[in-house]
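These are my notebook entries from a first reading of the model. I record what I looked up, entry by entry.

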Protein chains: 4
Amino acid sequence: MMTAEEIPGSRTEIRVRYAETDQMGHAHHMNYLAWFELGRTELMRVNGVSYAGLEDEGILLPVAHAELDYRQGAGYDELVWIRSRVKQVRSRTVTFAYEAVRAEDEALLARGTTTLVCTDSDLRLRRIPADAQRVLEQLKRAAEGESSGDDVPAPDRERFS
Amino acid sequence: MMTAEEIPGSRTEIRVRYAETDQMGHAHHMNYLAWFELGRTELMRVNGVSYAGLEDEGILLPVAHAELDYRQGAGYDELVWIRSRVKQVRSRTVTFAYEAVRAEDEALLARGTTTLVCTDSDLRLRRIPADAQRVLEQLKRAAEGESSGDDVPAPDRERFS
Amino acid sequence: MMTAEEIPGSRTEIRVRYAETDQMGHAHHMNYLAWFELGRTELMRVNGVSYAGLEDEGILLPVAHAELDYRQGAGYDELVWIRSRVKQVRSRTVTFAYEAVRAEDEALLARGTTTLVCTDSDLRLRRIPADAQRVLEQLKRAAEGESSGDDVPAPDRERFS
Amino acid sequence: MMTAEEIPGSRTEIRVRYAETDQMGHAHHMNYLAWFELGRTELMRVNGVSYAGLEDEGILLPVAHAELDYRQGAGYDELVWIRSRVKQVRSRTVTFAYEAVRAEDEALLARGTTTLVCTDSDLRLRRIPADAQRVLEQLKRAAEGESSGDDVPAPDRERFS
């Protein structure tokens, strides 16, 4: 059984850029949305769902909802790990959950969720393509620490929510 | 009685920058956090609470929580109004609520809330200074469409939440 | 005769956003490229050349070259004026020059130039459309403090270059 | 003899973020300034000059001048290498030169230079600390393909300028 930590692509490393800091001396809070985006596209790409590829087919995944909790600031030049997982998959939406932790001591900096809707290039809602949905479902089950045939949620399933 | 619309500083106008668009053809979703920040600092400054001034006194207001709902995209060069109001004030936190609407037709593009915590320059929690708190309380009541001595919430009080 | 200052759209006002500051306590130097872009699109739009409109016709104006000189920092919440003018127009390129000055005291913060090339939507070079070129030529002459039939450069013609 | 390519820290890899794209479908041109900054801080840190460390000592290196030439666009999700080298060191300034190349085919996307000035925390000019200057001088000579005792410039010394 695979733990959430071991899902390929579930951890993206970024280094806080000077341009991302603000005068409080940490990365400005809006950057986490860019980092989480980096995390989910990495998770998807490594597992065979290329967001760039979806766009080439005229399929978009705009963000419809985002929630962020900030705990500690991320300092300039610090390494930060973005841990991404699929939290929920529906026919037209997918929700990812994220943690940003400082690489040095794994201190939690922030966590959050984003819900994406599947649309065509005119932003009309449509179903997530079957292949992508299957991968997302597998990633969701893996994140729950389940084997793929197992419907029982892991105890820590909702630790982000 | 003042309506929420008439509170000085409650509407900030921005024009969507090319640099803010992404390849989906609209402003990237992270920019709303910068726009909302612009909205709340404008609301505060116009009403006598300068965020720059607070920082000079060693008082910071980092964002602890943010929620965003996205409805429609904001196109390049479009004028967008950010409507900001105080939703909740506590001794150490203040929550602002926002709407981003397209100026041309007042279509709702996004809405959201951010909760800020009051800290000293070492990011230790502290009480919001009394002067600032009084202003924030007044802004909250004004946003609720109440006269200042009136505790009955206006019917649309919770339209954001 | 119109002076450069009086050209409609030649001055764009921005307020430095918190998100634009860095931990040195001023707007990060990359933001000037976004501000200059805001300046030139304002200058063009007010004078009848909509960049959004050009894009709808499949005409792009990507930046091919940029130069920036930084003199003083722009502080959070400060009002900054971006003064934009057309410096050179050729069949396939146009160069804009900019000054960023602090509104309060008109202190020079930065100046720069950007050269844009005209391309089709596949980024192949093409001529600037005749209408746009005519406007850009007029803006160039106006910036030089010339009447349109006057080839003698104003004394301060090259103050940016 | 070390070639410029082999200088530790002279190559930084970034992946183009969705948030960095604009509606032309490539990374917005301002991001290169953030990427170049990432490149030079990596080059400095790996060679023993921590920019974060300098700031802790009250020494800042704000950008005074920047020049950028753009050749091709950087697409979303593409890997880009930033090659950084020291081009010139003076007592109070240091100039870095950069190339951004697409990792896949090493196509040149952009190149540029930035000149930084050394200041104290009040932005007053000061000399670059001796230790940092020595490292920067070594990096300059290494970039020129010279052994450290060799003053003859390599033939391709000025290929960026």
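**Entry on A:Glu20.** I asked whether A:Glu20 is buried or exposed. In this predicted model, A:Glu20 has a relative accessibility of 6%, so I enter A:Glu20 as buried, the cut-off for that word being under 20%. I located A:Glu20 in the loop that runs between strand S1 (11-15) and H1 of chain A. I then listed what A:Glu20 touches, setting aside residues up to four places away in sequence. Within chain A, I noted A:Arg15, A:His26, A:Ala27, A:His28, A:Asn31 and A:Trp35. The list also holds D:Arg17, from chain D. Finally, I looked up A:Gly75, which stands 55 residues from A:Glu20 along the chain. The C-alpha atoms of A:Glu20 and A:Gly75 are separated by 9.5 Å.

**Entry on H1 of chain A.** I next turned to the helix that follows this loop, H1(A). Does its length agree with what its residue count leads one to expect, and why? H1(A) has 16 residues, which at 1.5 Å a residue should span 22 Å. I find its end C-alpha atoms 23 Å apart, so the two values agree. I also checked how far H1(A) is covered, and 13 of its 16 residues are buried. After H1(A) comes A:Gly48, for which I noted a positive phi, near 95°.

**Entry on chain A as a whole.** I counted the elements of chain A and found three helices and seven strands. Their order along the sequence is β-α-α-β-β-β-β-β-β-α. Chain A has 161 residues, and 57% of them count as buried. For its accessible surface I recorded about 6700 Å², with 44% belonging to carbon and sulfur atoms. I also looked up the contacts in chain A with a separation of 6 or more; 66% of these are between residues 24 or more positions apart.

**Entry on B:His29.** I moved to chain B and placed B:His29 in the loop between strand S1 (11-15) and H1. Its relative accessible area is 9%, and therefore B:His29 is buried. What is B:His29 in contact with, once neighbours within four places in sequence are left aside? From chain A, I listed A:Leu33, A:Glu37, A:Arg40 and A:Val63. From chain B, I listed B:Tyr70.

**Entry on the cavities.** I searched the whole structure for cavities of 30 Å³ or more, and six were found. The largest cavity has a volume of about 490 Å³. Which residues lie nearest its centre? I recorded A:Met30, B:Met30, C:Met30, C:Asn31 and D:Met30, out of a lining of 29 residues. By class, I noted 12 nonpolar, nine polar and eight charged residues in that lining. Helix H1 (31-46) of chain A, of chain B, of chain C and of chain D each supply at least two of the lining residues.

**Entry on D:Ala103.** My last look-up was in chain D, where D:Ala103 is found in the loop between strand S4 (93-102) and strand S5 (108-117). D:Ala103 has a relative accessible area of 16%, so I enter this residue as buried. Apart from neighbours within four places in sequence, its contacts are D:Leu79, D:Val80 and D:Trp81. I took the C-alpha separation for D:Leu79, which lies 24 residues from D:Ala103 along the chain, and noted 5.4 Å.

Notes. Residues are numbered from 1 along each chain as its sequence is written. Chains are lettered from A and ligands numbered from 1 in the order in which they are written. This is a predicted model: local features need pLDDT of at least 70, side-chain atom pairs count only at pLDDT 80 or more; totals for chains, interfaces and linings use all residues. Side-chain values use heavy atoms; hydrogens and water are left out. On a 1 Å grid over the protein atoms alone, a cavity is a set of points where a 1.4 Å probe fits but cannot get out, and a pocket is an open set with protein on both sides within 12 Å along at least five of seven lines; lining residues have an atom within 4 Å of a point. Grid points are joined across faces, edges and corners, and a volume is the space filled by probe spheres set on the points. Helices (H or I, at least four residues) and strands (E, at least two) are DSSP runs, numbered from the N terminus. Ala, Val, Leu, Ile, Met, Phe, Trp, Tyr, Cys and Pro count as nonpolar, Asp, Glu, Lys and Arg as charged, and the others, Gly among them, as polar. Buried means under 20% relative accessible area, exposed over 50%, partly exposed in between (1.4 Å probe, protein chains only). Contact means heavy atoms within 4.5 Å. The expected span of a helix is 1.5 Å times one less than its number of residues. Accessible areas come from the Shrake-Rupley method with a 1.4 Å probe; for residues, only the protein chains shown count as cover.
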